[in-house]
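Hi,

Here is the structure I said I would pass on. Have a look at it first, and then read my notes underneath.

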Amino acid sequence: MIKMENVFKKYPNGVTALNGVSIHIEKGEFVYVVGPSGAGKSTFIKMIYREVKPTTGLVEVNGANTSELKDKEVPFFRRRIGVVFQDFKLLSKLTVYENIAFALEVIEESPRNIRKRVMEVLELVDLKNKARFLPNELSGGEQQRVSIARAIVNRPDIVIADEPTGNLDPDTSWEIMRVFEEINERGTTIIMATHSKEIVNKMKRRVIAIESGMIVRDESRGEYGYEN
Amino acid sequence: MKIRTLKRHLREGVKNIFRNGWMTVASIGSVTVTLLLVAAFLVIILNLNHMAEKVEEDVIVKVLIDVAASDDDIKTLGDEIKKINQIESVVFSSKDEELDSLIKGMGKEGKSWELFEQDNPLNHAYIIKAKEPKDTAVIAEKIRGFDHIYRVNYGKEVVSQLFEFNKNARIVGIILIVGLVFTAIFLISNTIKLTIMARSTEIGIMKLVGATNGFIRWPFFIEGMLLGMIGSIIPIAALLAGYYYIVEKLVISVQIPFFELLPFYPFAWQISLVIFLIGALIGVWGSIMSVRRFLKV
(Lines give C-alpha, C1' and ligand atoms only; values in the text may rest on other atoms or scores of the structure.)
Protein backbone atom coordinates (compact mmCIF):
# COMPACT_ATOMS: atom_id res chain seq x y z
CA MET A 1 0.00 0.00 0.00
CA ILE A 2 2.77 2.42 0.99
CA LYS A 3 6.33 1.68 0.01
CA MET A 4 9.41 3.86 0.50
CA GLU A 5 12.81 2.79 -0.70
CA ASN A 6 15.95 4.64 0.26
CA VAL A 7 14.21 8.01 0.32
CA PHE A 8 16.26 11.17 0.72
CA LYS A 9 14.82 14.64 1.00
CA LYS A 10 16.96 17.72 0.94
CA TYR A 11 15.14 21.07 0.98
CA PRO A 12 16.42 24.00 -1.06
CA ASN A 13 17.61 25.70 2.15
CA GLY A 14 20.06 22.82 2.65
CA VAL A 15 18.20 20.98 5.43
CA THR A 16 18.19 17.22 4.98
CA ALA A 17 14.84 16.07 6.35
CA LEU A 18 14.94 12.42 5.33
CA ASN A 19 18.16 10.50 5.19
CA GLY A 20 17.65 7.12 3.54
CA VAL A 21 14.21 5.94 4.66
CA SER A 22 12.85 2.54 3.60
CA ILE A 23 9.51 1.21 4.82
CA HIS A 24 6.49 -0.89 3.93
CA ILE A 25 3.00 -0.25 5.29
CA GLU A 26 0.27 -2.74 4.45
CA LYS A 27 -3.42 -2.15 3.93
CA GLY A 28 -5.39 -1.83 7.16
CA GLU A 29 -2.40 -1.09 9.40
CA PHE A 30 -2.46 1.52 12.16
CA VAL A 31 0.96 3.14 12.38
CA TYR A 32 2.29 5.75 14.81
CA VAL A 33 5.16 7.92 13.69
CA VAL A 34 7.12 9.24 16.67
CA GLY A 35 10.32 11.17 17.23
CA PRO A 36 11.65 14.49 18.52
CA SER A 37 10.60 17.77 16.91
CA GLY A 38 12.45 18.42 13.67
CA ALA A 39 13.30 14.73 13.22
CA GLY A 40 11.56 14.52 9.85
CA LYS A 41 8.12 13.20 10.86
CA SER A 42 6.22 15.87 8.98
CA THR A 43 8.28 15.39 5.84
CA PHE A 44 7.69 11.64 6.10
CA ILE A 45 3.94 12.25 6.34
CA LYS A 46 3.92 14.83 3.53
CA MET A 47 5.78 12.36 1.33
CA ILE A 48 2.75 10.06 1.45
CA TYR A 49 0.20 12.54 0.15
CA ARG A 50 2.74 14.07 -2.19
CA GLU A 51 2.95 17.46 -0.59
CA VAL A 52 6.69 16.90 -1.06
CA LYS A 53 8.53 14.71 -3.53
CA PRO A 54 11.70 12.79 -2.66
CA THR A 55 15.02 14.21 -3.81
CA THR A 56 16.12 10.65 -4.52
CA GLY A 57 14.55 7.28 -3.80
CA LEU A 58 11.12 5.76 -4.43
CA VAL A 59 7.80 6.59 -2.81
CA GLU A 60 4.91 4.42 -3.94
CA VAL A 61 1.39 4.96 -2.61
CA ASN A 62 -1.65 3.00 -3.82
CA GLY A 63 0.52 1.70 -6.62
CA ALA A 64 1.53 5.16 -7.87
CA ASN A 65 5.13 6.38 -7.91
CA THR A 66 4.70 9.92 -6.54
CA SER A 67 7.74 11.25 -8.39
CA GLU A 68 6.26 10.20 -11.69
CA LEU A 69 2.76 11.58 -11.08
CA LYS A 70 1.87 14.38 -13.45
CA ASP A 71 0.52 17.56 -11.89
CA LYS A 72 -2.91 16.95 -13.30
CA GLU A 73 -2.98 13.43 -11.85
CA VAL A 74 -2.27 14.62 -8.31
CA PRO A 75 -5.88 15.63 -7.47
CA PHE A 76 -7.10 12.15 -8.36
CA PHE A 77 -4.25 10.59 -6.38
CA ARG A 78 -5.22 12.67 -3.33
CA ARG A 79 -8.86 11.62 -3.47
CA ARG A 80 -7.76 8.25 -2.12
CA ILE A 81 -6.01 9.79 0.89
CA GLY A 82 -7.62 11.67 3.77
CA VAL A 83 -5.55 14.15 5.79
CA VAL A 84 -6.15 15.47 9.32
CA PHE A 85 -4.14 18.30 10.86
CA GLN A 86 -3.39 19.55 14.34
CA ASP A 87 -5.10 22.88 13.56
CA PHE A 88 -8.18 21.24 11.95
CA LYS A 89 -8.11 23.49 8.87
CA LEU A 90 -11.86 24.03 8.76
CA LEU A 91 -13.47 26.82 6.76
CA SER A 92 -14.78 29.20 9.40
CA LYS A 93 -17.62 30.60 7.29
CA LEU A 94 -19.11 27.21 6.47
CA THR A 95 -21.23 25.09 8.80
CA VAL A 96 -20.17 21.65 9.99
CA TYR A 97 -22.31 20.06 7.30
CA GLU A 98 -20.95 22.35 4.58
CA ASN A 99 -17.35 21.80 5.63
CA ILE A 100 -17.74 18.08 5.15
CA ALA A 101 -19.86 18.35 2.02
CA PHE A 102 -17.19 20.65 0.55
CA ALA A 103 -14.81 17.69 0.16
CA LEU A 104 -17.37 15.88 -1.98
CA GLU A 105 -18.53 18.96 -3.87
CA VAL A 106 -15.07 19.68 -5.17
CA ILE A 107 -14.83 16.18 -6.61
CA GLU A 108 -18.21 16.71 -8.26
CA GLU A 109 -20.26 14.12 -6.37
CA SER A 110 -24.02 14.18 -6.95
CA PRO A 111 -26.07 16.13 -4.36
CA ARG A 112 -27.89 12.94 -3.36
CA ASN A 113 -24.66 11.11 -2.64
CA ILE A 114 -23.26 14.12 -0.84
CA ARG A 115 -26.24 14.26 1.54
CA LYS A 116 -26.14 10.53 2.19
CA ARG A 117 -22.40 10.33 2.81
CA VAL A 118 -22.20 13.45 4.97
CA MET A 119 -24.97 12.16 7.21
CA GLU A 120 -23.17 8.82 7.47
CA VAL A 121 -19.89 10.33 8.63
CA LEU A 122 -21.62 12.79 10.95
CA GLU A 123 -23.16 9.75 12.59
CA LEU A 124 -19.78 8.07 12.82
CA VAL A 125 -18.13 11.05 14.55
CA ASP A 126 -21.28 11.61 16.62
CA LEU A 127 -21.98 15.18 15.48
CA LYS A 128 -25.32 14.72 13.77
CA ASN A 129 -26.98 17.22 16.10
CA LYS A 130 -24.36 19.90 15.36
CA ALA A 131 -24.54 19.81 11.58
CA ARG A 132 -25.72 23.42 11.36
CA PHE A 133 -23.14 24.84 13.76
CA LEU A 134 -20.21 26.96 12.66
CA PRO A 135 -16.73 25.69 13.61
CA ASN A 136 -16.14 28.43 16.20
CA GLU A 137 -19.30 27.35 18.04
CA LEU A 138 -17.72 23.94 18.68
CA SER A 139 -15.13 22.68 21.18
CA GLY A 140 -11.65 21.73 19.96
CA GLY A 141 -12.47 18.03 20.08
CA GLU A 142 -15.65 18.54 18.10
CA GLN A 143 -13.79 20.59 15.50
CA GLN A 144 -11.24 17.83 15.13
CA ARG A 145 -14.05 15.32 14.66
CA VAL A 146 -15.43 17.49 11.86
CA SER A 147 -12.03 17.52 10.19
CA ILE A 148 -11.80 13.72 10.54
CA ALA A 149 -15.28 13.41 9.06
CA ARG A 150 -14.14 15.52 6.12
CA ALA A 151 -11.04 13.36 5.67
CA ILE A 152 -13.02 10.12 5.51
CA VAL A 153 -16.22 11.22 3.77
CA ASN A 154 -14.62 10.35 0.46
CA ARG A 155 -13.90 6.78 1.70
CA PRO A 156 -10.14 7.01 1.23
CA ASP A 157 -7.87 3.98 1.50
CA ILE A 158 -5.43 5.84 3.73
CA VAL A 159 -5.95 8.46 6.44
CA ILE A 160 -2.96 10.52 7.45
CA ALA A 161 -3.02 12.50 10.68
CA ASP A 162 -0.31 14.98 11.67
CA GLU A 163 -0.53 15.37 15.46
CA PRO A 164 -4.33 15.32 15.50
CA THR A 165 -4.47 15.52 19.30
CA GLY A 166 -1.72 18.11 19.66
CA ASN A 167 -4.15 20.88 20.59
CA LEU A 168 -6.53 18.80 22.70
CA ASP A 169 -6.76 17.87 26.37
CA PRO A 170 -6.28 14.17 27.34
CA ASP A 171 -9.99 13.28 27.62
CA THR A 172 -10.78 14.82 24.26
CA SER A 173 -7.75 13.11 22.77
CA TRP A 174 -9.15 9.72 23.74
CA GLU A 175 -12.42 10.64 22.14
CA ILE A 176 -10.56 11.37 18.91
CA MET A 177 -8.55 8.16 19.16
CA ARG A 178 -11.74 6.14 19.46
CA VAL A 179 -12.90 7.63 16.17
CA PHE A 180 -9.62 6.70 14.49
CA GLU A 181 -9.88 3.18 15.90
CA GLU A 182 -13.32 2.81 14.44
CA ILE A 183 -12.19 4.03 11.04
CA ASN A 184 -9.28 1.62 11.15
CA GLU A 185 -11.58 -1.27 12.05
CA ARG A 186 -13.44 -0.61 8.80
CA GLY A 187 -10.23 -1.37 6.92
CA THR A 188 -8.73 2.06 6.40
CA THR A 189 -4.96 2.38 6.81
CA ILE A 190 -4.05 5.04 9.38
CA ILE A 191 -0.72 6.77 9.73
CA MET A 192 -0.47 9.18 12.62
CA ALA A 193 2.39 11.39 13.73
CA THR A 194 2.10 12.11 17.45
CA HIS A 195 3.88 13.38 20.54
CA SER A 196 1.49 11.66 22.94
CA LYS A 197 3.23 9.01 25.02
CA GLU A 198 -0.03 7.94 26.68
CA ILE A 199 -1.81 7.25 23.44
CA VAL A 200 1.00 5.31 21.80
CA ASN A 201 1.73 3.21 24.86
CA LYS A 202 -1.88 2.36 25.48
CA MET A 203 -2.88 1.48 21.94
CA LYS A 204 -0.04 -0.97 21.28
CA ARG A 205 0.19 -0.51 17.54
CA ARG A 206 3.06 -0.42 15.08
CA VAL A 207 5.47 2.38 15.98
CA ILE A 208 7.98 3.93 13.60
CA ALA A 209 10.51 6.20 15.30
CA ILE A 210 12.34 8.79 13.21
CA GLU A 211 15.43 10.66 14.36
CA SER A 212 17.60 12.94 12.21
CA GLY A 213 15.73 11.80 9.11
CA MET A 214 16.36 8.10 9.70
CA ILE A 215 14.14 5.29 10.96
CA VAL A 216 15.74 4.21 14.22
CA ARG A 217 13.01 1.86 15.38
CA ASP A 218 10.12 -0.04 13.77
CA GLU A 219 8.16 -2.29 16.15
CA SER A 220 4.87 -4.01 15.45
CA ARG A 221 3.49 -3.48 18.99
CA GLY A 222 5.71 -0.63 20.01
CA GLU A 223 6.10 1.87 22.81
CA TYR A 224 6.51 5.65 22.53
CA GLY A 225 10.06 5.40 23.79
CA TYR A 226 10.67 9.08 24.66
CA GLU A 227 10.07 11.15 27.77
CA ASN A 228 7.28 13.68 27.23
CA MET B 1 -18.30 20.04 -17.24
CA LYS B 2 -21.60 19.12 -15.62
CA ILE B 3 -24.32 21.77 -15.58
CA ARG B 4 -24.53 21.34 -11.81
CA THR B 5 -20.84 22.12 -11.46
CA LEU B 6 -21.11 25.16 -13.69
CA LYS B 7 -23.99 26.41 -11.55
CA ARG B 8 -21.87 25.89 -8.47
CA HIS B 9 -19.00 27.89 -9.98
CA LEU B 10 -21.37 30.72 -10.92
CA ARG B 11 -22.84 30.75 -7.43
CA GLU B 12 -19.38 30.71 -5.83
CA GLY B 13 -18.12 33.45 -8.17
CA VAL B 14 -21.03 35.72 -7.27
CA LYS B 15 -20.73 34.87 -3.57
CA ASN B 16 -17.04 35.73 -3.60
CA ILE B 17 -17.81 39.18 -4.90
CA PHE B 18 -19.92 39.87 -1.82
CA ARG B 19 -17.64 37.96 0.53
CA ASN B 20 -14.62 40.05 -0.38
CA GLY B 21 -16.23 43.38 0.42
CA TRP B 22 -13.66 46.14 0.17
CA MET B 23 -11.38 44.12 -2.04
CA THR B 24 -14.20 43.89 -4.54
CA VAL B 25 -14.77 47.63 -4.32
CA ALA B 26 -11.07 48.21 -4.94
CA SER B 27 -10.98 45.94 -8.01
CA ILE B 28 -14.11 47.41 -9.49
CA GLY B 29 -12.76 50.88 -8.76
CA SER B 30 -9.54 50.23 -10.64
CA VAL B 31 -11.42 48.79 -13.60
CA THR B 32 -13.81 51.72 -13.56
CA VAL B 33 -11.05 54.32 -13.61
CA THR B 34 -9.17 52.54 -16.38
CA LEU B 35 -12.23 51.99 -18.52
CA LEU B 36 -13.22 55.64 -18.09
CA LEU B 37 -9.83 56.60 -19.50
CA VAL B 38 -10.02 54.00 -22.25
CA ALA B 39 -13.51 55.17 -23.19
CA ALA B 40 -12.40 58.81 -23.29
CA PHE B 41 -9.39 57.98 -25.43
CA LEU B 42 -11.41 55.79 -27.76
CA VAL B 43 -13.96 58.54 -28.28
CA ILE B 44 -11.30 61.18 -28.87
CA ILE B 45 -9.20 59.04 -31.19
CA LEU B 46 -12.07 57.71 -33.25
CA ASN B 47 -13.50 61.20 -33.63
CA LEU B 48 -10.12 62.64 -34.58
CA ASN B 49 -9.86 59.86 -37.08
CA HIS B 50 -13.30 60.62 -38.38
CA MET B 51 -12.51 64.31 -38.73
CA ALA B 52 -9.22 63.52 -40.38
CA GLU B 53 -11.01 61.32 -42.89
CA LYS B 54 -13.47 64.10 -43.54
CA VAL B 55 -10.68 66.56 -44.15
CA GLU B 56 -8.89 64.06 -46.33
CA GLU B 57 -12.04 63.54 -48.33
CA ASP B 58 -12.30 67.27 -48.78
CA VAL B 59 -8.89 67.49 -50.33
CA ILE B 60 -9.47 68.38 -53.96
CA VAL B 61 -7.35 69.39 -56.88
CA LYS B 62 -8.59 72.55 -58.51
CA VAL B 63 -7.46 73.05 -62.08
CA LEU B 64 -7.82 76.66 -63.16
CA ILE B 65 -8.21 76.86 -66.92
CA ASP B 66 -6.39 79.40 -69.01
CA VAL B 67 -8.76 82.25 -70.00
CA ALA B 68 -7.60 81.91 -73.60
CA ALA B 69 -8.90 78.33 -73.88
CA SER B 70 -11.88 77.75 -76.18
CA ASP B 71 -14.90 75.64 -75.24
CA ASP B 72 -13.46 72.77 -77.31
CA ASP B 73 -10.11 73.08 -75.58
CA ILE B 74 -11.85 72.92 -72.22
CA LYS B 75 -13.74 69.80 -73.25
CA THR B 76 -10.59 68.08 -74.52
CA LEU B 77 -8.81 68.96 -71.30
CA GLY B 78 -11.68 67.46 -69.29
CA ASP B 79 -11.52 64.21 -71.30
CA GLU B 80 -7.78 63.97 -70.79
CA ILE B 81 -8.12 64.49 -67.06
CA LYS B 82 -10.76 61.75 -66.86
CA LYS B 83 -8.24 59.31 -68.31
CA ILE B 84 -6.06 59.51 -65.21
CA ASN B 85 -6.50 56.29 -63.19
CA GLN B 86 -6.42 57.64 -59.68
CA ILE B 87 -9.28 60.03 -60.23
CA GLU B 88 -12.69 59.45 -58.75
CA SER B 89 -14.59 62.41 -60.13
CA VAL B 90 -14.10 65.46 -62.32
CA VAL B 91 -16.60 68.29 -62.13
CA PHE B 92 -16.60 71.35 -64.32
CA SER B 93 -17.24 74.60 -62.55
CA SER B 94 -17.75 77.69 -64.68
CA LYS B 95 -16.31 81.01 -63.60
CA ASP B 96 -19.80 82.21 -62.61
CA GLU B 97 -20.28 79.20 -60.37
CA GLU B 98 -16.81 79.84 -58.93
CA LEU B 99 -17.79 83.38 -58.07
CA ASP B 100 -21.05 82.23 -56.50
CA SER B 101 -19.33 79.76 -54.24
CA LEU B 102 -16.72 82.37 -53.36
CA ILE B 103 -19.43 84.84 -52.38
CA LYS B 104 -21.25 82.19 -50.35
CA GLY B 105 -18.04 81.07 -48.68
CA MET B 106 -17.26 84.61 -47.51
CA GLY B 107 -20.61 84.97 -45.76
CA LYS B 108 -21.47 88.60 -44.98
CA GLU B 109 -18.28 89.95 -46.46
CA GLY B 110 -19.13 88.17 -49.69
CA LYS B 111 -21.48 91.04 -50.55
CA SER B 112 -18.64 93.23 -51.71
CA TRP B 113 -17.61 90.59 -54.23
CA GLU B 114 -20.97 90.82 -55.90
CA LEU B 115 -19.57 93.81 -57.77
CA PHE B 116 -17.53 91.43 -59.86
CA GLU B 117 -20.63 89.78 -61.23
CA GLN B 118 -20.50 92.35 -64.01
CA ASP B 119 -16.95 91.54 -64.99
CA ASN B 120 -15.90 88.21 -63.51
CA PRO B 121 -12.09 88.00 -63.18
CA LEU B 122 -12.08 84.32 -62.21
CA ASN B 123 -11.21 81.31 -64.34
CA HIS B 124 -13.28 78.31 -65.33
CA ALA B 125 -12.15 75.32 -63.33
CA TYR B 126 -12.17 71.54 -63.05
CA ILE B 127 -12.64 70.25 -59.56
CA ILE B 128 -11.03 66.86 -59.18
CA LYS B 129 -11.32 64.31 -56.43
CA ALA B 130 -8.84 61.50 -56.04
CA LYS B 131 -9.89 57.94 -55.26
CA GLU B 132 -7.24 57.90 -52.54
CA PRO B 133 -6.51 61.27 -50.93
CA LYS B 134 -2.81 60.42 -50.79
CA ASP B 135 -2.63 60.38 -54.60
CA THR B 136 -3.54 64.05 -54.78
CA ALA B 137 0.01 65.26 -55.37
CA VAL B 138 0.63 62.77 -58.19
CA ILE B 139 -2.57 63.78 -59.93
CA ALA B 140 -1.73 67.46 -59.64
CA GLU B 141 1.70 66.86 -61.15
CA LYS B 142 0.25 64.97 -64.11
CA ILE B 143 -2.30 67.66 -64.85
CA ARG B 144 0.34 70.37 -64.72
CA GLY B 145 1.77 68.92 -67.89
CA PHE B 146 -1.46 69.37 -69.87
CA ASP B 147 -2.27 72.32 -72.20
CA HIS B 148 -4.50 75.28 -71.36
CA ILE B 149 -3.72 75.15 -67.70
CA TYR B 150 -3.51 78.40 -65.78
CA ARG B 151 -2.74 76.88 -62.40
CA VAL B 152 -3.21 73.67 -60.40
CA ASN B 153 -4.06 74.15 -56.71
CA TYR B 154 -4.19 71.51 -54.05
CA GLY B 155 -2.60 72.91 -50.88
CA LYS B 156 0.61 70.91 -51.14
CA GLU B 157 2.03 71.67 -47.72
CA VAL B 158 -1.25 71.35 -45.86
CA VAL B 159 -2.05 67.99 -47.39
CA SER B 160 1.26 66.33 -46.56
CA GLN B 161 1.27 67.72 -43.02
CA LEU B 162 -2.29 66.60 -42.51
CA PHE B 163 -1.51 63.07 -43.58
CA GLU B 164 1.52 62.97 -41.32
CA PHE B 165 -0.46 64.29 -38.34
CA ASN B 166 -3.28 61.82 -38.83
CA LYS B 167 -0.89 58.91 -39.04
CA ASN B 168 0.89 59.94 -35.83
CA ALA B 169 -2.34 60.61 -33.98
CA ARG B 170 -3.56 57.11 -34.75
CA ILE B 171 -0.33 55.46 -33.62
CA VAL B 172 -0.19 57.46 -30.39
CA GLY B 173 -3.83 56.69 -29.70
CA ILE B 174 -3.43 52.96 -30.16
CA ILE B 175 -0.33 52.90 -27.97
CA LEU B 176 -2.17 54.78 -25.22
CA ILE B 177 -5.15 52.43 -25.30
CA VAL B 178 -3.01 49.30 -25.26
CA GLY B 179 -1.00 50.75 -22.38
CA LEU B 180 -4.14 51.53 -20.42
CA VAL B 181 -5.60 48.07 -20.94
CA PHE B 182 -2.41 46.46 -19.69
CA THR B 183 -2.38 48.74 -16.66
CA ALA B 184 -5.93 47.64 -15.89
CA ILE B 185 -5.04 43.98 -16.26
CA PHE B 186 -2.12 44.49 -13.91
CA LEU B 187 -4.34 46.26 -11.37
CA ILE B 188 -7.10 43.71 -11.42
CA SER B 189 -4.71 40.76 -11.33
CA ASN B 190 -3.12 42.32 -8.25
CA THR B 191 -6.44 42.78 -6.52
CA ILE B 192 -7.57 39.28 -7.35
CA LYS B 193 -4.23 38.02 -6.12
CA LEU B 194 -5.03 39.66 -2.78
CA THR B 195 -8.44 38.00 -2.63
CA ILE B 196 -6.79 34.69 -3.42
CA MET B 197 -4.18 35.14 -0.72
CA ALA B 198 -6.97 35.92 1.70
CA ARG B 199 -8.51 32.61 0.72
CA SER B 200 -5.35 30.53 0.49
CA THR B 201 -6.60 28.25 3.31
CA GLU B 202 -9.68 27.45 1.30
CA ILE B 203 -7.62 26.72 -1.81
CA GLY B 204 -5.23 24.62 0.26
CA ILE B 205 -8.12 22.51 1.56
CA MET B 206 -9.58 22.17 -1.91
CA LYS B 207 -6.27 20.86 -3.19
CA LEU B 208 -5.94 18.55 -0.22
CA VAL B 209 -9.29 16.89 -0.82
CA GLY B 210 -8.47 16.42 -4.48
CA ALA B 211 -10.07 19.31 -6.35
CA THR B 212 -8.62 19.70 -9.83
CA ASN B 213 -6.98 22.99 -10.75
CA GLY B 214 -9.72 23.67 -13.25
CA PHE B 215 -12.32 23.31 -10.56
CA ILE B 216 -10.47 25.73 -8.28
CA ARG B 217 -9.90 28.19 -11.09
CA TRP B 218 -13.48 28.53 -12.35
CA PRO B 219 -15.02 30.60 -9.55
CA PHE B 220 -12.11 33.05 -9.73
CA PHE B 221 -12.50 33.20 -13.47
CA ILE B 222 -16.19 34.08 -13.07
CA GLU B 223 -15.44 36.49 -10.24
CA GLY B 224 -12.89 38.30 -12.42
CA MET B 225 -15.26 38.48 -15.35
CA LEU B 226 -18.03 39.88 -13.16
CA LEU B 227 -15.67 42.42 -11.58
CA GLY B 228 -14.68 43.60 -15.05
CA MET B 229 -18.27 43.78 -16.22
CA ILE B 230 -19.47 45.65 -13.14
CA GLY B 231 -16.47 47.94 -13.50
CA SER B 232 -17.66 48.85 -16.98
CA ILE B 233 -21.09 50.10 -15.83
CA ILE B 234 -20.07 53.58 -14.69
CA PRO B 235 -17.77 54.22 -17.69
CA ILE B 236 -20.55 53.17 -20.07
CA ALA B 237 -23.10 55.37 -18.31
CA ALA B 238 -20.66 58.28 -18.31
CA LEU B 239 -19.84 57.67 -21.96
CA LEU B 240 -23.46 57.58 -23.08
CA ALA B 241 -24.50 60.60 -21.03
CA GLY B 242 -21.35 62.61 -21.76
CA TYR B 243 -21.30 61.89 -25.47
CA TYR B 244 -24.99 62.61 -25.79
CA TYR B 245 -24.44 65.98 -24.14
CA ILE B 246 -21.46 66.84 -26.31
CA VAL B 247 -23.04 65.80 -29.60
CA GLU B 248 -26.56 67.01 -29.02
CA LYS B 249 -25.98 70.13 -26.93
CA LEU B 250 -22.45 71.43 -27.09
CA VAL B 251 -21.43 70.96 -30.71
CA ILE B 252 -24.62 72.45 -32.07
CA SER B 253 -24.02 75.69 -30.19
CA VAL B 254 -20.39 76.11 -31.29
CA GLN B 255 -19.55 76.05 -34.97
CA ILE B 256 -15.99 75.12 -35.81
CA PRO B 257 -14.98 74.18 -39.36
CA PHE B 258 -14.19 70.46 -39.78
CA PHE B 259 -15.33 69.86 -36.21
CA GLU B 260 -17.86 67.20 -36.98
CA LEU B 261 -18.35 64.43 -34.40
CA LEU B 262 -19.55 60.92 -35.09
CA PRO B 263 -23.31 60.70 -34.54
CA PHE B 264 -24.47 59.47 -31.12
CA TYR B 265 -26.24 56.47 -32.63
CA PRO B 266 -24.71 53.96 -33.31
CA PHE B 267 -21.25 55.21 -32.33
CA ALA B 268 -21.82 55.62 -28.57
CA TRP B 269 -23.48 52.21 -28.33
CA GLN B 270 -20.70 50.53 -30.28
CA ILE B 271 -18.10 52.03 -27.96
CA SER B 272 -20.19 50.94 -24.96
CA LEU B 273 -20.13 47.38 -26.19
CA VAL B 274 -16.38 47.58 -26.74
CA ILE B 275 -15.89 48.95 -23.21
CA PHE B 276 -18.06 46.19 -21.78
CA LEU B 277 -16.04 43.53 -23.61
CA ILE B 278 -12.73 45.09 -22.62
CA GLY B 279 -13.96 45.10 -19.00
CA ALA B 280 -14.85 41.41 -19.11
CA LEU B 281 -11.57 40.60 -20.84
CA ILE B 282 -9.50 42.55 -18.33
CA GLY B 283 -11.26 40.74 -15.49
CA VAL B 284 -10.82 37.28 -16.94
CA TRP B 285 -7.21 37.87 -17.89
CA GLY B 286 -6.40 39.41 -14.53
CA SER B 287 -7.86 36.47 -12.65
CA ILE B 288 -6.18 33.88 -14.83
CA MET B 289 -2.80 35.56 -14.36
CA SER B 290 -3.08 35.63 -10.59
CA VAL B 291 -4.63 32.19 -10.03
CA ARG B 292 -2.06 30.44 -12.18
CA ARG B 293 0.74 31.07 -9.77
CA PHE B 294 -1.23 29.71 -6.83
CA LEU B 295 -2.12 26.44 -8.42
CA LYS B 296 1.29 24.90 -8.82
CA VAL B 297 0.87 21.61 -6.97
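Below is what I found, going through chain A, the contact between the chains, chain B and then a few backbone oddities.

Before anything else, please keep in mind that this is a predicted model.

**Chain A**

Chain A has seven helices and 10 strands. Its radius of gyration is 17 Å, close to the 17 Å that the globule rule gives for 228 residues, so chain A is as compact as a globular protein of that length. If you want a feel for the dimensions, its C-alpha atoms fill a box of roughly 45 × 40 × 35 Å along the principal axes. Of the 228 residues in the chain, 43% count as buried. As for how the chain comes together, take the contacts in chain A with a separation of 6 or more: residues 24 or more positions apart account for 69% of them.

On to the cores. In soluble globular proteins, nonpolar side chains tend to be buried together. The largest nonpolar core here has 102 residues, and the members that touch the most others are A:Val33, A:Ile100, A:Ala149, A:Val159, A:Ile160, A:Ile190 and A:Ile191. I looked at one of these, A:Ala149, in a bit more detail: once you set aside its neighbours within four places in sequence, A:Ala149 is in contact with A:Ile100, A:Val121, A:Leu122, A:Val125 and A:Leu127. Apart from that core lies another, of 12 residues, and its members include B:Val63, B:Leu77, B:Ile139 and B:Ala140.

**Where A meets B**

Which parts of chain A touch chain B? In total, 15 residues of chain A are in contact with 14 residues of chain B. On the chain A side, the elements giving two or more residues are helix H2 (74-78) and helix H3 (96-105). H2(A) supplies the largest share, four residues. Sorted by class, that side of chain A has eight nonpolar, one polar and six charged residues.

**Chain B: strands and helix H5**

Strand S3 (residues 125-130) of chain B has two partners worth tracing. Strand S1 (residues 60-65) of chain B pairs with S3(B) in the antiparallel sense over five bridges, and strand S2 (residues 87-93) of chain B also runs antiparallel to S3(B), joined to it by six bridges. A handy place to check this on screen is B:Ala125 in S3(B): B:Leu64 stands opposite it, and B:Ser93 stands opposite B:Ala125 as well.

Then there is helix H5 (residues 136-144) of chain B, where B:Thr136, B:Ile139, B:Ala140 and B:Ile143 are buried. Look down the axis of H5(B) and its buried residues fall within an arc of 100 degrees, so they line one face of the helix. Two of the names will look familiar, as B:Ile139 and B:Ala140 are among the members of the 12-residue core.

In the loop between H5 and strand S4 (149-153) of chain B you will find B:His148. Is B:His148 buried, exposed or partly exposed? With 17 other C-beta atoms within 10 Å, B:His148 is partly exposed. Leaving out residues within four places in sequence, B:His148 is in contact with B:Ile65, B:Asp66, B:Ala69, B:Asp73 and B:Leu77. B:His148 and B:Ser70 are 78 residues apart in sequence, while their C-alpha atoms are 9.2 Å apart.

**Chain B: helix H6**

B:Thr191 sits in helix H6 (residues 156-198) of chain B. B:Thr191 counts as buried because it has 25 C-beta neighbours inside 10 Å. Not counting residues up to four places away in sequence, B:Thr191 touches B:Met23, B:Ala26, B:Ser27 and B:Ser30. B:Asp73 is another matter: 75 Å separates its C-alpha atom from that of B:Thr191, with their positions 118 residues apart along the chain.

**Backbone oddities**

Most residues other than glycine have a negative phi, and most peptide bonds are trans. These are the spots I would point out:

- A:Asp126 has a positive phi, near 60 degrees. A:Asp126 lies in the loop between helix H4 (111-124) and helix H5 (140-152) of chain A, and is partly exposed, with 14 other C-beta atoms within 10 Å.
- A:Ser212 also has a positive phi, near 45 degrees. Its place is the loop between strand S9 (206-211) and strand S10 (214-219) of chain A, and A:Ser212 counts as partly exposed, with 14 C-beta neighbours inside 10 Å.
- The peptide bond from B:Tyr265 to B:Pro266 is cis, with omega near 5 degrees. B:Pro266 is in helix H10 (residues 264-294) of chain B.

Cheers

Conventions
Residues are numbered from 1 along each chain as its sequence is written. Chains are lettered from A and ligands numbered from 1 in the order in which they are written. This is a predicted model: local features need pLDDT of at least 70, side-chain atom pairs count only at pLDDT 80 or more; totals for chains, interfaces and linings use all residues. A nonpolar core is a set of buried Ala, Val, Leu, Ile, Met, Phe, Trp, Tyr and Cys residues joined through C-beta atoms within 7 Å. A residue is buried if 20 or more other C-beta atoms lie within 10 Å of its own, exposed if 12 or fewer, and partly exposed in between; C-beta atoms are placed from the backbone. Two residues are in contact if their C-beta atoms, placed from the backbone, lie within 7 Å. Ala, Val, Leu, Ile, Met, Phe, Trp, Tyr, Cys and Pro count as nonpolar, Asp, Glu, Lys and Arg as charged, and the others, Gly among them, as polar. The arc is that of the directions from the helix axis to the C-beta atoms. The radius of gyration is taken over C-alpha atoms; the globule rule is 2.2 Å times the number of residues to the power 0.38. Two strands pair if DSSP finds at least two bridges between them.
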